[in-house]
Amino acid sequence: MAGQKPLRRSRTGRFSGPGFETFGSIFGFIYTFLAGNVLLAMANTPLVLCLALVADPAAAWPFFLALSVTVAPSLAGIFAAFRALNDDGGAVKPVAAFLRGYQRSFRRAAPLGLAALGALVFLGVDLAVVQAMPAAAVLVPLIVVAAAVTVSLTVTAIAGVVLLPEATLKSILKASLYLAVQRWYLSLAMLVLLGIIVSAAVLQPVMGVALAPAPLLFVVWSNAAYAYHAAIGK
C-alpha cells in the first residue's frame, strides 16, 4: 500500500519494522516479568516455602524477618534486570542480567538488608512493648513512620546501588535519604506497592509470588530511577 513502510531484513535475517519492534518490546516486558518472578522465588526459597507452610506468618514475624535476609540482594538482581530491559528492549536477557546484578551488588545490597532488618526487629519489639503504655497513641505512629522510612530508604538505596555502581555506599545512602524525603509521594507509592506484594505473598504464597512481585517492583524501580536521574540532572 502507498505510504506504508516496507519491512526490511536485518543483517541477522530477521524482519525489522515498527510492528516487530513493538512486539519485541512487549515480549521483553512479559519475559522479564515472568523470569523475574521465578528468579525472585528461587533467590528467596526459604522465605517462600515457609510462607506456604505456616498458617499465621504474622504471629511469627521475627522468624520471617530473619528469613527476609535474602530479599535485599534479590532486589538488586531484579532491578538490574529492569535496567537491562530499558537498555536492550526486546533483546533483553533477564536471567543473565539478574544473576549479574545479584553478583555485582551483593556486597553492598546485603549489608543494607541486614541493617534494615535489624532496625525493623528493634522497632517491632518496641511496638509490642509500647502498646501497653499510656503514651501508645503517640509512640505507635512514630514507630510505624520510622519503620516506613527504613523500608523506603533501604529500597531506594538498593536501586541506587544498581544505578550508580561507581558511587560509594555512603553517598548513595545520603542521596536515598534526600530523595525519600524530597519525593515523599514516590516513597508513599513505593510503600503501597510493597504492601501489596507482601499481602499477596502472605495470603496466597504460590500465586502471589508467581504473579505480583515483578510488575509492581518495576513501578518501584521506575520511580526510583526517575528520582535519581532528576536529582543528578539538577
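Let's start on helix α7, residues 169–182. Its face turned away from the buried side carries three exposed residues: Lys-170, Lys-174 and Val-181. Keep in mind that this is a predicted model.

Now the other side of α7. Buried there are Ile-172, Ser-176, Leu-179 and Ala-180. They sit on the same side of the helix, because their arc around the axis is only 100 degrees. The general rule is that an α-helix has 3.6 residues a turn, so residues three or four places apart point the same way. Length next. α7 has 14 residues, and at 1.5 Å a residue it should span 20 Å; the end C-alpha atoms are 20 Å apart, so the two agree.

On to α8, residues 184–203. This helix has 20 residues. From first C-alpha to last it reaches 28 Å, close to the expected 28 Å. Its buried set is Leu-186, Ser-187, Met-190, Leu-193, Leu-194, Ile-197 and Ala-201. Those residues fall within an arc of 130 degrees seen down the axis, so they line one face of α8. Trp-184 and Leu-203 are exposed, on the face turned away from that buried side.

Both helices meet a cavity. How many cavities of 30 Å³ or more does the structure hold? One. Its volume is about 80 Å³. α7, α8 and α10 (213–233) each supply at least two lining residues. Among the lining residues are Leu-179 and Ala-180, which are also buried residues of α7. Leu-186, Ser-187 and Met-190 line it too, and these three are buried in α8. Others in the lining include Thr-156, Arg-183 and Asn-223. By class, that lining is six nonpolar, three polar and one charged.

Now the pockets. The largest holds about 1,500 Å³ of space. It is lined by 44 residues; nearest its centre lie Leu-65, Ser-68, Leu-120, Val-151 and Val-198. Eight elements are named as giving two or more residues to this lining, including α1, α5, α8 and α10. How many charged residues are in the lining of the largest pocket? None: the split is 36 nonpolar, eight polar and no charged.

The second largest pocket has a volume of about 300 Å³. Its 14 lining residues include Ala-80, Arg-83, Gly-101, Arg-104 and Val-162, which lie nearest its centre. α4, α5 and α6 each give two or more residues to that lining. α5 gives the most, six residues. Here the classes are six nonpolar, two polar and six charged.

Last topic: aromatic rings. The whole structure has 10 aromatic pairs. Take Phe-29 and Phe-33. Their ring centres are 6.0 Å apart and their planes are at 70 degrees, so the pair is edge-to-face. Both lie in α1, residues 18–43; being four residues apart, they are separated by about one helical turn. Phe-29 is partly exposed, at 29% relative accessible area. Phe-33, at 18%, counts as buried, because the cut-off is under 20%.

Phe-33 also pairs with Phe-218. That contact is edge-to-face as well, with 5.6 Å centre to centre and 65 degrees between the planes. Which parts of the chain does this pair link? Distant ones: Phe-33 is in α1, Phe-218 is in α10, and they are 185 residues apart. Both are buried. Ring pairs join Phe-29, Phe-33, Phe-82 and Phe-218 into a cluster.

Key
Residues numbered from 1 in each chain as written. Predicted model: local features only at pLDDT ≥ 70, side-chain atom pairs only at ≥ 80, totals over all residues. Heavy atoms only, no water. 1 Å grid on protein atoms, 1.4 Å probe; cavity = no way out; pocket = protein on both sides within 12 Å on 5 of 7 lines; lining within 4 Å. Points joined across faces, edges and corners; volume = space filled by probe spheres on them. Nonpolar A, V, L, I, M, F, W, Y, C, P; charged D, E, K, R; others polar. Expected span 1.5 Å × (residues − 1). Buried < 20%, exposed > 50% of the residue type's maximum accessible area, 1.4 Å probe, protein only. Arc of directions from axis to C-beta. Phe/Tyr/Trp six-rings, centres within 6.5 Å; stacked < 30°, edge-to-face > 60°.
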